[in-house]
Amino acid sequence: VSDPRTLSKSIMSQQSIGQSVFGGAFTTPLMILKDTAVSNNLERMSRYLQDRDASIAPHVKTAMAPVLFTRQLNAGAWALTAATISQTRVLHEHGVKRILLANQLVNPAAIRWVANRVANSRFEFMCFVDSVSGVRILEQIGEGVAFDVLLEVGALGGRTGVRSLDEALAVAAAATESKSVRLVGVAGYEGSIAGRGADRDRVVREYLENMKDVAVRLSEHGFFDGLEEVVVTAGGSMYFDYVVDILGSPWSLATPTRLVLRCGSYITYDSGRYLSSSPFADRVEEYGPPEAALELWATVQSRPEPTLAFMDFGRRDVPFDDGLPVAVAGRTQERQGLTVDGLVVRDLNDQHAFVSLPADHPLQVGDTVGFGVRHPCTAFDKWRQLPIVNDDYIVLDLIETRF
Ligand SMILES: Cc1ncc(COP(=O)(O)O)c(C=O)c1O
């Protein structure tokens, strides 16, 4: 007997809209997004930015979901940030008019694609540079198009970005000499240098102070002369308050500055580090706490030992690079609430989750459990579609991802 309305990970349709996630049509595992959490997260950030006179170019790599980046634009985003040219193309396809590529642009095919779009459409594009070679490559391949670039400031032992003021001055000089490159500001990413040590707040603050120093020195050398505004951009979801403290107004440059944060994870957070490390969790409390928006629902398929159960999800379905999922809610087969105290995901295979539990836990084969994920940025790429649900778990829309 077949049920034509069965909705699965690989086959979901508009028929799911209006249905309950628990109504019997959906198969598990199922990753869902909670609409109220997404709205509150967006609204909280908008209020914060308005109060601090800062802009945001949300990093879309987290979700790569047109419905969500449209919501971010509607919430007042100044631009959208991409990490790759492929992500940039998806944004461009969706009519996004100002894109910040938070990366170096050095691949010839990518440079030609950008040059063509900048020359032929109303499209503002900015990317990072951190070397004289990078400037030269843009010049040689860019077919006369003027690229707006941000000088990326790095840190010793960190990721991309210049390591010294001398290097910054050399790259800025190369950009200024070149007709194909216009230096429009400075960029950095404190998240990649913060590390996990107890001194990470100090490391981040020192890095941001150094970024500010570089911007001031570039300005003193006249590298920003003639600009309407200098773009200063940094700030993921964990330290944006420090970014605003240090790189927000007031500046003493001859040219006005625009501070642009690039938070990505803030749209959903997670049930781990991204939630607990958000400035909204403790340092900036007046806007309300951050809310985890992602949940994975799965079914108990086996309890072969008293203290071991298996759920029907695995590494194909959830992030596993920053901790394993955490059980947040349970439902019996009779749709009654079920405690998830004591359930711990201890390992994942491709399509199985190993769950440890107390021998006297009432969990049975056939029960369903909701899990919060850890690390939002590696959650969405495992799903082509995710239902977005209201507080009663009724599907409001299907979110497509475009990785
Ligand atoms: C360059 C850059 N900017 C911004 C972000 C966004 O940070 P978060 O995921 O903490 O929001 C990232 C994340 O990896 C990044 O690499």
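A residue is called buried when its relative accessible area is under 20%, exposed when that area is over 50%, and partly exposed in between, using a 1.4 Å probe and protein chains only. Keep that in mind as we walk through this predicted model, where local features need pLDDT of at least 70, side-chain atom pairs count only at pLDDT 80 or more, and totals for chains, interfaces and linings use all residues. Residues are numbered from 1 along each chain as its sequence is written, and side-chain values use heavy atoms, leaving out hydrogens and water.

Let's start with two cysteines. C377 is buried, with a relative accessible area of 14%, and C263 is buried too, at 0%. How many disulfides (pairs of cysteine sulfur atoms within 2.5 Å) does the structure hold? It holds 0. For C263, the closest cysteine sulfur belongs to C377 and is 11 Å away, so the two are too far apart for a bond.

Now turn to the ligand. It is surrounded by 13 residues, and K61, R159, S237, G264 and S265 are the closest. This shell divides into 5 nonpolar, 5 polar and 3 charged residues; here Ala, Val, Leu, Ile, Met, Phe, Trp, Tyr, Cys and Pro count as nonpolar, Asp, Glu, Lys and Arg as charged, and the others, Gly among them, as polar.

Which distances separate polar side-chain atoms from oxygen atoms of the ligand? For S265 the distance is 2.7 Å, for K61 it is 2.8 Å, and for Y189 it is 3.3 Å. Taken alone, the ligand exposes 390 Å², and the protein buries 91% of that (areas come from the Shrake-Rupley method with a 1.4 Å probe).

How values were computed: A disulfide is a pair of cysteine sulfur atoms within 2.5 Å. A residue is near a molecule or strand if one of its heavy atoms lies within 4 Å of it. A polar contact is a pair of N or O atoms within 3.5 Å; within protein, one must be able to donate a hydrogen and the other to accept it, and residues adjacent in sequence count only if both atoms are side-chain atoms.
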